[in-house]
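This briefing is meant to be read alongside the sequence and the coordinates. It begins with a helix and the sheet beside it, and then turns to the ligands, the enclosed segments and some backbone details.

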Amino acid sequence: MHTSEQARVFYWCRKPFCGARVVPFGSAVGVTAGRERLMTTTVADVMVATLKASGVRQIYGIPGDSLNGFTDALRRDGGIAWEHVRHEEAAGFAAAAEAALTGELAVCAGSCGPGNLHLINGLFDANRSRVPVLAIAAQIPAVEIGGGYFQETHPQELFRECSVYCEMVSVPEQLPRLLQMAMRAAVQRGGVGVVVVPGEVFLADAPSAKVTPVRTAYSMIRPDDSALAAAADVLNAARAVTILAGAGCAGAHDQLIALAGALQAPVVHAFRGKEFVEYDNPYDVGMTGLIGFSSGYRAMEHCDALLMLGTDFPYRPFLPERVPVVQVDVRGEQIGKRIPVQVPLVGTVGATIDALLPLIAAKADTAHLDRMTAHYRRVRARLDKLARDRRNDSPLHPQYVAATVDKLAATDAVFTADVGTPCIWAARYVRMNGARRLIGSFNHGSMANALPHAIGAQASHPGRQVVALCGDGGLAMLLGELITLRQMRLPVKVVVFDNGALSFVELEMKAAGIVTYGTDLDNPDFAGMARAAGLFGARVEKAGDLEDALREAFGHDGPALVDVRTVRHELSLPPKLTYGEIKGFTLYATRTVLSGGGEELVELTKANLRELDVE
Ligand SMILES: Cc1cc2nc3c(=O)[nH]c(=O)nc-3n(C[C@H](O)[C@H](O)[C@H](O)COP(=O)(O)OP(=O)(O)OC[C@H]3O[C@@H](n4cnc5c(N)ncnc54)[C@H](O)[C@@H]3O)c2cc1C
Ligand SMILES: Cc1ncc(C[n+]2csc(CCOP(=O)(O)OP(=O)(O)O)c2C)c(N)n1
Ligand SMILES: [Mg+2]
């Protein structure tokens, strides 16, 4: 998080309805805000001061009843921006994205009952991505709990599954300590800390005005010498080592490249590792998995030892069988979750490689690497061919849309991608470079994440270009957040893959031999809706119009939406089709014809052939 950038938010006076004087960071409880002076210090004041001293610059949420004591303390203080979203779920996602970008605590809040219940899906996303988020869940008056009161829920039970810490504050004396414990758990364990606070507790006099900031403490951890020696034995004995690298490689790019070089190992990545692994990497052979590249799959299939670095890649059928595995993870309990592991190495990737590398006998045989990188180059060239510019295409091929966004976006853009086919296009066509970032609901897999993730990315990084790659289904699910973009003056660029369907689900149905059902989307003109909401809006029906529309949107001084009509059945076949899946495709064809969907089948076949041409 960049202090100067953050400071600019307030001086720029982005908040349209905020009259409070800007207070510099590090202020203590009891400072003047606007023309008001605090007469007493409430529990909420101490919470606000603690958050501010801990580097929190904005909080996402919606106020209401039981939360009003907290939001009033925010208003009086004026040093933390209130990011007013239109649905609390968006607040959870926004905080998750901010935390993913900064590595520091991000905060969201909801009022009692339904207010904080709405946070839950965003909190699941944050917790499963292991990013540090604090959720402030207001509660009904403590005296009413257990009596079936208006809006009564039990957040400490509801949020248990999506948090690393979740406790209720019953009396004011508990609060400073419980808040700090929740924050510390969130930043050190990586996940969601929840404090449940009855409305009257926010308003109570604080027992003490003392503020203790909580900041992430970073560590470098390496395995012991015997574990490292055992790993070196396995890797030195192997002829063909392949590396599967994930998000745990963040900050260890140099070490990763050095180790791959010593082992002459192709590097496959898991999706969350893309942004940290793929760029400036001569050993890169692409992603593996259902939406991955065949080269990623092959590199694992043909290795005789697998080295897993900071990855929790979940799809076991894509992992190799009967080869020794060395796995590095900072959380020991993650090791061996997906595949039996011969040598577990508990450590951070960078420090572990630093300690391991001197034990590796540099390999001279490049046959495995050469074969896999050659395969990757072929796949890459074919994928790039699919994204070629054919100006009269209408509807547009999504590959072309993604490649054009990639070409025109800033070198340090933050991309967010909806769950659905936008994940495929982001994985294949959005290039990373060490400065760009890619955020998605990759572990939780929730739809409608791209727009609210973009809100958090933009609110925390006001000077940066943020591009949301949205599905038409995903956008519609949290459509109200377009209004948030305008109201909070967040210049997010929204690109909609408007294919008129829940296309990813259709793909799943086809692969399972199920006739597509319930997947049609009869959409409005999203560009027109965006304009009505005060955004820049453009609709693109023809490939030849895409570049101009994107340039205009990206250059627009404010939020913008480009609604692109894309091909519905742009199939993406998995690199390895199982018998069940092949059978599924056949079944789908038969049933579709039988159910009178012949026209659809022809279209599908054409798109399908286009992809088959690729792999
Ligand atoms: C529609 C859709 C389709 C998808 N298809 C694919 C697909 O085809 N292929 C694919 O790969 N993914 C796919 N995903 C994403 C997939 O579900 C997982 O999110 C992804 O594979 C996990 O990537 P990862 O292992 O890099 O990250 P994570 O699951 O976050 O794992 C990171 C691991 O690194 C560890 N770690 C963190 N920091 C460090 C450190 N400093 N040192 C050591 N260890 C550390 C963590 O403890 C964790 O175990 C898809 C997702 C969606 C929504
Ligand atoms: C909240 C939620 N509901 C349902 C799903 C199941 N699902 C996964 S992808 C998808 C379709 C997404 O459609 P859209 O946003 O239009 O993207 P497309 O795949 O069509 O590009 C659905 C319904 C989900 N992952 N999350
Ligand atoms: Mg769609």
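In this predicted model, helix α18, made up of residues 450-460, lies across the four strands β13, β14, β15 (466-471) and β16 (493-498), and runs at about 170 degrees to β15. The strands belong to an open sheet of six, in the order β14-β13-β15-β16-β18-β17, with parallel pairing. The protein chain as a whole has 25 helices and 18 strands, and 54% of its 615 residues count as buried.

**The six-stranded sheet**

- At the edges of the sheet stand β14 (437-440) and β17 (536-540), each with a single partner strand, so that one side of each is left without a neighbour in the sheet.
- From one strand to the next, the twist averages 15 degrees.
- Strand β13, residues 414-417, runs parallel to β14 and is joined to it by four bridges; within this pairing, V414 has R437 of β14 as its bridge partner.

**Ligand 1**

- The surroundings of ligand 1 comprise 30 residues, of which G246, G248, F271, R272 and G289 come nearest.
- By class, the shell around ligand 1 is made up of 14 nonpolar, 12 polar and four charged residues.
- Ligand 1 lies between domain 2 (225-377) and domain 3 (387-614), because both domains give residues to the shell around it.

**Ligand 2**

- Ligand 2 is surrounded by 19 residues, and the closest of these are G420, G471, G473, S503 and F504.
- Three helices, α17 (421-429), α19 (472-477) and α21 (503-511), each supply at least two residues of the shell around ligand 2.
- Divided by class, the shell around ligand 2 contains eight nonpolar, nine polar and two charged residues.

**Helix α3 and strand β1**

- Helix α3 (residues 68-77) is largely enclosed by the rest of the structure, because seven of its 10 residues are buried; the buried residues are G69, F70, T71, A73, L74, R76 and D77.
- The cover over the buried residues of α3 includes the helices α2 (43-53) and α9 (199-203), together with the strands β1 (58-61), β2 (81-84), β3 (106-110) and β4 (133-139).
- Following α3 comes G78, whose phi is positive, near 80 degrees.
- Strand β1, which is among the elements covering α3, is itself covered on both faces, with Q58 and Y60 buried on one side and I59 and G61 buried on the other.
- Four bridges pair β1 with β2 in the parallel sense, and H84 in β2 is the bridge partner of G61.

**A96 and its contacts**

- A96 has its place in helix α4, which spans residues 88-102, and it counts as buried because 32 C-beta neighbours lie inside 10 Å, where 20 or more suffice for that class.
- Leaving aside residues up to four places away in sequence, A96 touches G122, D125, A126, S129, V131, V133, H453 and G456.
- Although A96 and N127 are 31 residues apart along the chain, their C-alpha atoms are separated by 8.2 Å.
- For the protein chain as a whole, residues 24 or more positions apart account for 75% of the contacts with a separation of 6 or more.

**Backbone details in loops**

- The peptide bond from S394 to P395 is cis, with omega near 0 degrees, and P395 is placed in the loop between α15 (367-386) and α16 (398-408).
- Q264, a residue other than glycine, has a positive phi near 50 degrees; it is found in the loop between α11 (253-263) and β8 (267-269), and it counts as partly exposed because it has 19 C-beta neighbours inside 10 Å.
- R322 is likewise not a glycine and has a positive phi, of about 60 degrees; this residue lies in the loop between β10 (305-309) and β11 (325-329), and it is exposed, with 6 other C-beta atoms within 10 Å.

Key. Residues are numbered from 1 along each chain as its sequence is written. Chains are lettered from A and ligands numbered from 1 in the order in which they are written. This is a predicted model: local features need pLDDT of at least 70, side-chain atom pairs count only at pLDDT 80 or more; totals for chains, interfaces and linings use all residues. A residue is near a molecule or strand if its C-beta atom, placed from the backbone, lies within 6 Å of it. Ala, Val, Leu, Ile, Met, Phe, Trp, Tyr, Cys and Pro count as nonpolar, Asp, Glu, Lys and Arg as charged, and the others, Gly among them, as polar. Domain bounds come from an automatic or database domain assignment. A residue is buried if 20 or more other C-beta atoms lie within 10 Å of its own, exposed if 12 or fewer, and partly exposed in between; C-beta atoms are placed from the backbone. Two residues are in contact if their C-beta atoms, placed from the backbone, lie within 7 Å. Two strands pair if DSSP finds at least two bridges between them. Axes are lines fitted to C-alpha atoms, for helices over the stretch in contact, and angles run from 0 to 180 degrees between N-to-C directions.
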